[in-house]
Amino acid sequence: MNSPAHTELVHSIENVVDALRMEGYVCDEHVGTAVYLAHHLNKPVLVEGPPGVGKTELAKTAAAMFKLPLIRLQCYEGLDEAKAIYEWKYGKQLLYTQVLKETLEDVLQGAKGLADSVRRLHEFGDIFFSEEFLEPRPLLKALREEAGCVLLIDEVDKSDQEFESLLLELLSDFQISIPEIGTVKARSVLPMVFLTSNNTREISDALKRRCLHLYIPFPDASLENRIVEARVPEVLPSLRSQLVTFIQALRDMDLKKVPAISETIDWARTLLILHADRLDADLVRDTLSVVLKFQEDIETVGAEVPSLVRRSLPDDA
Amino acid sequence: MEQTLISFISALRNADVRVSPAETLDAFAATNLIGYAERDTLKRALWLTLPKTPDEKERFDQCFDRFFDVEAIDSNTAADEAPSASASSDLGAMLQSGDDAALSLAMAEAGRETGVSSIQLFTQRGLFTRRIMERMGLGDLNAEIAALRDGSLADLELAQSLSAARDRLRGQVRDYVEREFLLHADHDGRRLREEVLRRVKLSNVDRRNFRHLKAIVLRMAKKLETLASRKRKVFRRGHLHVPSTLRSNMSYDGALFELEWKSKKINRPKVFAVCDVSGSVASYARFMLLFLYSLEAVVPRVRAFAFSSHLGEVTGWFEEHDLEEAITRTLKAFSGGSTDYGQAFEDLHDLCLDEVDHRSTVIILGDARNNYGDPRKTLLHTLYERAGRVIWLNPEPRSSWFAGDAEMRAYLPYCHQARVCNSLEHLERLMTDLVKLGR
């Protein structure tokens, strides 16, 4: 990552924020600082926050910004090293033993006694457990990437505790130990690692200690405004601010699931398709299902819609 | 500046933000990169490296603002009046020049030398203020002022302005010491209180301290949970474990004779908690249930029963409501009534004897004071034979287990374990065993 093309990008925190914005990811300085530090200190970043605030998107955007491949590992319960780090190509290994059996005679020809045979076998060199038979999974793949990459370990809280421990070696030393082969170290360029968590379970201290910890909360109105502007530029400014004010008001209500940024963007797109130029109560009621994902929530909000719409209007209207 | 960062980190630790040495090193690396020039940037960099939960981030914010207090030392008058003569002592010259930065630096330096960050008691403020002032050169300044008083008009003017500046400085030093006190000392006696609360008998704890107790219980539970889940293994049945199959069949020439499975071994304990909630024991029941249900992740199958005159299951309440509410409801519904252990065991048999098996742990919490009723120990005997473990927790000291109407003598043979349990420490020990049992 330390190639000249990148140093320009991460020269200062402002540059990072700007570069992220160029890729369509609007964020505050906290996020910029995180990427900046992650790059310069070679530390993984653990991103936490409510669902839909753009945690995964940050990793994707960072990959686009550094023009590096993105390697993604989606975590789930029961994920183990065979799916995350490496697996042996069993079929080929079996074939290999068959081939070996046939060549055995040539190797052992003229050997005197058992000890001699065993010695010759040792000399022959065993490739049963060797790189040829290794099937790399995302984590190993990321380490072997020549030009570096962005590694996204998504929803790490969904995996089991043991899996977290598996990650520790990778996160602190950028290496992975494979018992049969040895230690695989990252190439000269270290991967940039992002981990995301929705906090369904507390991540262990050991893992947190190895990471920078970035908490992304719901954005405030002006930031959200800019985000919508970047993602759905076609929306009229007046509608945009009305929309954002409405969503911000929804977040203060007691809902089962409060709308996230992704919902705001979806809603903006929906309104764009409907050629709406301003919010009114009927329009909101019809499209509320884009923003709210539970019937209960829709009912709760439904009654409040007229007053919410009125409040979302700019003061001078 | 490094010293400052280290003392900031110790202040953070004091504010309950856990910072490991590794994180300290990270913070240093980050500040080396970013520099100390911009306060906000520095704050963001430390915000990323030091606190690791939203809760800690909030405390970090407060701590940072308090520690790196930007309030400049106000020193305008010294320069305004501009007496013609200039002071000769070091401190006097510094005061006269109105150099805030130098002044606060000197103050911090003197503070470090006097060890102000080790301040423990509020009453030590005066002492430290004086020591810092002396270290900064108060003696010389005083002597100078005294000498100037006897001199010319210009000297007198200088003396006045210097002594005014000295008084201002004293105020600032006092503020500084106070800030250090808030940052570094155990100012609300939290640690002491915690230490005491862990040991004290639960029935003696004031109602207003319940909040603290609850926090302690939750923290203990959390610790146990991480300890236990580290050991927990996750298995799935029916999956062929290819590597170990290949390995174990090596000796058969690669022909797969013996299959190895990803074995399944989940041994989650089933816990039946039977609590006496009559007056004297109620507060113990409260905290045991609180503890037990805080361990949900590692002890997932808890069934709770409460009794005084009769027994009923309260598991449902704990599933529907939050802990506090459930406990309140339990106590309301079952307490008051005179204790009848015989009846309670009979009800327990009717309710759930079928489900008690060798993997179950039955915890009975009570003082076994049966009001001279029939103890009906045979019922406990059946339970003892079916269950993996029967643990009796008695809040009373061992010496009074057999006195008066206590029936411990009748019940003791049918308990795998009977122990005194009347403080959080006891509870913690019990829970540790319980969690280990399940592994």
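The pLDDT is the predictor's confidence in each residue, on a scale from 0 to 100. The views below show a predicted model.

**View 1. Confidence along chain B of the predicted complex.** The average pLDDT of chain B is 79, and 88% of its residues score at least 70. Two stretches fall under 50 throughout: residues 72–82 of chain B and residues 230–236 of chain B. For residues 72–82 the model has 16 contacts beyond four places in sequence, and for residues 230–236 it has 14 such contacts. For the complex, the predictor gives an ipTM of 0.83 and a pTM of 0.67.

**View 2. Helix H3 of chain A crossing helix H3 of chain B.** Helix H3(A) covers residues 29–41 and helix H3(B) covers residues 39–49; their axes come within 9 Å and cross at roughly 70°. With this angle, H3(A) is roughly perpendicular to H3(B). The crossing is right-handed. From H3(A), the contact is made by Glu29(A), His30(A), Thr33(A), Ala34(A) and Leu37(A). From H3(B), Arg44(B), Ala45(B), Trp47(B) and Leu48(B) take part. By class, the residues of this contact divide into five nonpolar, two polar and two charged.

**View 3. Helices H11 and H13 within chain A.** Helix H11(A), residues 221–231, and helix H13(A), residues 261–273, have axes that come within 10 Å and cross at roughly 50°. At such an angle, H11(A) is oblique to H13(A). H11(A) and H13(A) cross in a right-handed manner. The residues in contact are Glu224(A), Ile227(A), Val228(A) and Arg231(A) on H11(A), with Ile261(A), Thr264(A), Ile265(A) and Ala268(A) on H13(A). Five of these residues are nonpolar, one is polar and two are charged.

**View 4. Asn371(B) and Arg376(B) in a loop of chain B.** The loop lies between strand S4 (360–365) and helix H18 (377–386) of chain B, and Asn371(B) has its place there. Arg376(B) is found in the loop between S4 and H18 as well. Asn371(B) is not a glycine, yet it has a positive phi of about 50°. Arg376(B), also not a glycine, has a positive phi of about 50°. Which of the two terms, buried or exposed, applies to Asn371(B)? Asn371(B) is exposed, because 12 other C-beta atoms lie within 10 Å and a residue counts as exposed at 12 or fewer. Arg376(B) is buried, because it has 20 other C-beta atoms within 10 Å and the cut-off for a buried residue is 20 or more.

Note on methods: Residues numbered from 1 in each chain as written. Chains lettered and ligands numbered in written order. Predicted model: local features only at pLDDT ≥ 70, side-chain atom pairs only at ≥ 80, totals over all residues. Axes fitted to C-alpha atoms, helices over the stretch in contact; angles between N-to-C directions. Helix = DSSP H or I, 4+ residues; strand = E, 2+ residues; numbered from the N terminus. Parallel < 35°, antiparallel > 145°, perpendicular 65-115°, else oblique. Left-handed = near helix turned anticlockwise from the far one by under 90°. Contact = placed C-beta atoms within 7 Å. Nonpolar A, V, L, I, M, F, W, Y, C, P; charged D, E, K, R; others polar.
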